[in-house]
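Colleague: Could you walk me through this model? I'm new to reading structures, so let's take it slowly.

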Amino acid sequence: MTAPAFSQLGLHVLAKPIGPICNLDCAYCFYLRKQSLYPADESWRMSDETLEAYIGQYIAAQPDSVEEIDFAFQGGEPTLMGLDFFARVVELQKQHAPPGRRIHNSLQTNGILLDDAWCEFLGRHNFLVGISIDGPADLHDKYRRDKKGDGTLGRVTAAVQRLSEHRVEFNALTCINRHNADHPLRVYRFLRELGVRFIQFIPIVERCGDVRPRADMPPEAMVSERSVLPGQLGACLIGVFDDWVRNDVGRIFVRDFDQALGAWAGAGASLCVHAKHCGRATAIEHNGDLYSCDHYVDPAHLLGNIHQTPIAELAGSARQEQFGTEKETTLPEVCRRCEVLFACNGLCPKDRFAYTPDGRPGLHFLCPGYKAFFSHIAPHMRAMAAEVQAGRPATGVMHRLRAEQQDKQQAARGEPRSVGRNAPCPCGSGRKFKVCCMRR
Ligand code: SF4
Ligand code: SF4
């Protein structure tokens, strides 16, 4: 089977209807700095004309194979556009949606403005809401502050509560930074106790503008003091994984673990960062400017404006295809030979500013952390992929680990095995323990 052409792959356009404008002043918001891209008197609000052009063109740009079209709104803080704007979004989507295609919306927000009216609207229209939350108060409020400098956790957890009451589907976007990375279990268990079932970890990597990385430079000299360090990230992901794999498989969904399972099961990654190529996740600004990626909103990666050239043409251009394939063609040799390349794929090119062990440029800053993480989870992922491929739930791995742990504890106390050889396997497969998990 031949691979589909670049322009026939599913396209994602992340909308920034209010540009970088936000009601908070989070220390590491990379987007606030984008205000300098546009004139000082810019209005920053997406007009009705641009919104309709975006919705119509985005739907038209989807290949026939795409059954569900995903709209995503981010900022800045998109709720500053007000509820009327999003009511208009839904109205225009209905007008432009072709028969047989489903439309789905997601909204990334800090949650501050989510009152009952917002939550009722989001629930009624099945929005998926991403809430930015970095852990308990001493961790979250370290960097996520309002313009007066006050912490925001109380207002964010109130929003989470309201979303739950209105049965709005939501997930947590949790930035992993220098401060909270050393507390993976506190962060993870806090989110779990808050009722979060879907978690996306976003590592914070901020370059120091005037620092040129060198091969002999320690990682902390290359980035801001808020940025997570490679070793910290690896230990953080491993810490969360070890708790999750023993307690929460099938109950809590952590994007990094889902992506890894996809890779081990042979399905590949859907997230651009772990995919072989990227380039099909573009970003649209409030005025209709389309950029190669949310992380490359800069003049060099401006594809054009949708009022002059349709989204399909801009996003399907040879220039954008090259942007996407360069993720693979610019990989350093050490990645090409890496045993976890199939799961990692060299990560996002934006942060490939570190040096390989043999002193060559182009390695991702967080490589050692991800490598430690992927190596650590490999045996568990192999076991889970085997369960899934055999048509059984991946939760079997959790039961096996628990049984092993119990056995170890009993052996240490000089007691016999908790599960007899001929007893039903604790993984729930329905087979005897001796022919199931006991063998693995
Ligand atoms: S773990 Fe490191 S060396 Fe391996 S593919 Fe990822 S970035 Fe490259
Ligand atoms: S540049 Fe990075 S964030 Fe952007 S699409 Fe590629 S991998 Fe994803």
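Modeller: What follows is a chat about a predicted model, going from the sheet to a helix, some odd backbone spots and the ligands.

Colleague: Let's start with the sheet, then. Which strands sit at its edges?

Modeller: The sheet is open and mixed, and its 10 strands run in the order β7-β6-β5-β4-β3-β2-β1-β8-β9-β10. An edge strand pairs on one side only, and the two that do this here are β7 (253–254) and β10 (302–305).

Colleague: Inside the sheet, how many bridges join β5 to β6?

Modeller: Start one strand over: β4 (residues 128–132) pairs with β5 in the parallel sense over 5 bridges, and Leu-128 stands opposite Glu-169 there. On to β6: Ala-172 of β5 stands opposite Ile-199. These two strands run parallel as well, and the number of bridges joining them is 5.

Colleague: The chain has to get from β5 to β6 somehow. What is the hand of that crossover?

Modeller: After β5 the chain passes through α6 and then enters β6. That makes a β-α-β crossover, and its hand is right-handed.

Colleague: Now that helix, α6. Why do its buried residues end up on the same side?

Modeller: The buried ones in α6 (residues 184–193) are Pro-184, Val-187, Tyr-188, Phe-190 and Leu-191. An α-helix has 3.6 residues a turn, so residues three or four places apart point the same way. The buried residues of α6 are on the same side because the arc they cover around the axis is only 160°.

Colleague: And which exposed residues are on the face turned away?

Modeller: First, the buried side: its residues pack against α4 (137–143), β5 (169–176), β6 (198–203) and α7 (230–247). The face turned away from that side carries Leu-185 and Glu-193.

Colleague: Is Asp-298 buried or exposed?

Modeller: Asp-298 sits in the loop between β9 (289–291) and β10. A residue needs 20 or more other C-beta atoms within 10 Å to count as buried, and 12 or fewer to count as exposed. Asp-298 has 11, so it is exposed.

Colleague: Next, the backbone. Which peptide bond is cis, with omega near 5°?

Modeller: Most residues other than glycine have a negative phi, and most peptide bonds are trans. For the cis one, look at the loop between β2 and α2 (83–96), where Gly-76 lies. The bond is the one from Gly-75 to Gly-76.

Colleague: Leu-347 isn't a glycine. What is its positive phi?

Modeller: Leu-347 is in the loop between α12 and β11, and it is buried, with 21 other C-beta atoms within 10 Å. Asn-345 in that loop also has a positive phi, near 55°. For Leu-347, phi is about 65°.

Colleague: On to the ligands. Which element gives the most residues to the shell around ligand 1?

Modeller: The shell includes Cys-335, Cys-338, Leu-347 and His-364. Two or more residues come from each of α11 (333–336), α12 (341–344) and α13 (367–389). With 3 residues, the top giver is α13.

Colleague: Last one: how many charged residues are in the shell around ligand 2?

Modeller: Among the residues around ligand 2 are Cys-272, Cys-278, His-295, Lys-327 and Lys-350. The shell has 7 nonpolar residues and 1 polar, and the number of charged ones is 2.

Conventions:
Residues are numbered from 1 along each chain as its sequence is written. Chains are lettered from A and ligands numbered from 1 in the order in which they are written. This is a predicted model: local features need pLDDT of at least 70, side-chain atom pairs count only at pLDDT 80 or more; totals for chains, interfaces and linings use all residues. A residue is near a molecule or strand if its C-beta atom, placed from the backbone, lies within 6 Å of it. Helices (H or I, at least four residues) and strands (E, at least two) are DSSP runs, numbered from the N terminus. Ala, Val, Leu, Ile, Met, Phe, Trp, Tyr, Cys and Pro count as nonpolar, Asp, Glu, Lys and Arg as charged, and the others, Gly among them, as polar. Two strands pair if DSSP finds at least two bridges between them. The arc is that of the directions from the helix axis to the C-beta atoms. Two residues are in contact if their C-beta atoms, placed from the backbone, lie within 7 Å. A crossover is right-handed if, with the strands pointing away from the viewer, the path from the first strand over the helix to the second runs clockwise.
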